Amino acid sequence: MAKKRKVGNLLALAVLAALLERPMHRYEIAAVLKERGKERDMDIKWGSLYTVVQNLEKHGFLEVVGSERDGARPERVIYRITDPGRAELEDWTRELVSLPEYEHHRFVAGLSIVALLPPDEVITLLGDRATTLRQVIATEREELAAQLRAVPRLFLIEVEFQIAMLEAEVAWVDNLRAELAAGDFPGVDFWRYMHAAGIDPGEVADMVEKGGFTGFEEA
């Protein structure tokens with residue numbers, strides 16, 4: 001089971017990792033994270049960076065080592081990671097790599113209520129999704145190949161994982177679409193009839209939950 005972290009925002013993880021390189025002020029931290037595309041690896045809300053840095057300092061994971069001023073701009077506080085901060089970063093990394101955790105996915109939310117749409121429309125929509133996924137995969141593979149010419153694979157394995165997940169998704173989408181198109185998906189005939197007859201999918205779902213639905217067998 002995942003630990004309850006003193007600072008649990010994944011942006012804190014990225015900040016600690018960035019400060020392993022050298023002390024930085026908040027604006028430099030943000031620039032480094034954006035340059036490395038960290039918003040693709042995790043859900044980053046840049047407006048919370050100030051609070052995250054403050055909380056990391058509060059809990060002893062960062063410490064102030066100085067400040068600098070550029071012309072008339074406000075003074076910028078420079079932070080570095082502490083030994084407890086490094087220990088927290090390492091422990092957090094072990095947890096993230098070893099413990100599977102359910103992650104909310106917008107596609108899953110759509111699938112959970114897909115009965116609201118007629119199956120023939122769903123077939124078309126799944127085809128659109130598969131086409132988009134293939135385009136994204138092709139782009140990601142091109143970018144990865146270019147990056148590998150300059151960056152060791154060790155520092156790009158998260159991109160490999162993201163591509164693998166996209167490929168698994170497109171394979172699943174293709175399979176579901178093929179089942180629906182061929183009529184092999186269990187209950188697809190009733191699903192189609194339900195929409196043709198104007199039956200509310202919500203009523204059917206309620207009957208299923210109460211154990212009083214036999215429509216799939218009768219369709």
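The expected span of a helix is taken as 1.5 Å times one less than its number of residues. Helix 6, which runs over residues 119–148 of this predicted model, can be held up against that yardstick. With 30 residues, helix 6 covers 42 Å from its first C-alpha to its last, close to the expected 44 Å.

So much for its length; next comes what helix 6 packs against. The buried residues of helix 6 are P119, V122, I123, L126, G127, A130, L133, I137, E140 and L144. Mixed in with residues such as V122, I123 and L126, then, the buried set also holds E140. Cover for these buried positions comes from elements including helix 5 (106–111), helix 7 (157–182) and helix 8 (188–196).

Stepping back to the whole fold, the protein chain has 10 helices and three strands. Read from the N terminus, the elements go α-β-α-α-β-β-α-α-α-α-α-α-α. The chain is more spread out than a compact globule, because its radius of gyration comes to 25 Å, well over the 17 Å that the globule rule gives for 219 residues. Along the principal axes, the C-alpha atoms fill a box of roughly 75 × 45 × 40 Å.

The domain assignment splits the chain into domain 1 (10–98) and domain 2 (106–185). Taken over C-alpha atoms, the centres of domain 1 and domain 2 sit 33 Å apart.

The three strands make up an open sheet with the order 1-3-2 and antiparallel pairing. Its edges are strand 1 (24–25) and strand 2 (62–68), each of which pairs on one side only. In general, strands of a sheet pair through backbone hydrogen bonds, in either a parallel or an antiparallel sense. Here, strand 2 and strand 3 (residues 76–81) run antiparallel to each other and are joined over six bridges. One pairing to look for is V64, whose bridge partner in strand 3 is Y79.

A few chain-wide totals round off the picture. Of the 219 residues in the protein chain, 29% are buried. The chain exposes about 14500 Å², with carbon and sulfur atoms supplying 55% of that area. As for contacts between residues at least 6 apart in sequence, 62% of them link residues at least 24 apart.

How values were computed
Residues numbered from 1 in each chain as written. Predicted model: local features only at pLDDT ≥ 70, side-chain atom pairs only at ≥ 80, totals over all residues. Heavy atoms only, no water. Helix = DSSP H or I, 4+ residues; strand = E, 2+ residues; numbered from the N terminus. Buried < 20%, exposed > 50% of the residue type's maximum accessible area, 1.4 Å probe, protein only. Contact = heavy atoms within 4.5 Å. Pairing = 2+ DSSP bridges. Domains from an automatic or database assignment. Rg over C-alpha atoms; globule rule 2.2 N^0.38 Å. Areas by Shrake-Rupley, 256 points an atom, 1.4 Å probe, with all protein chains shown as cover.
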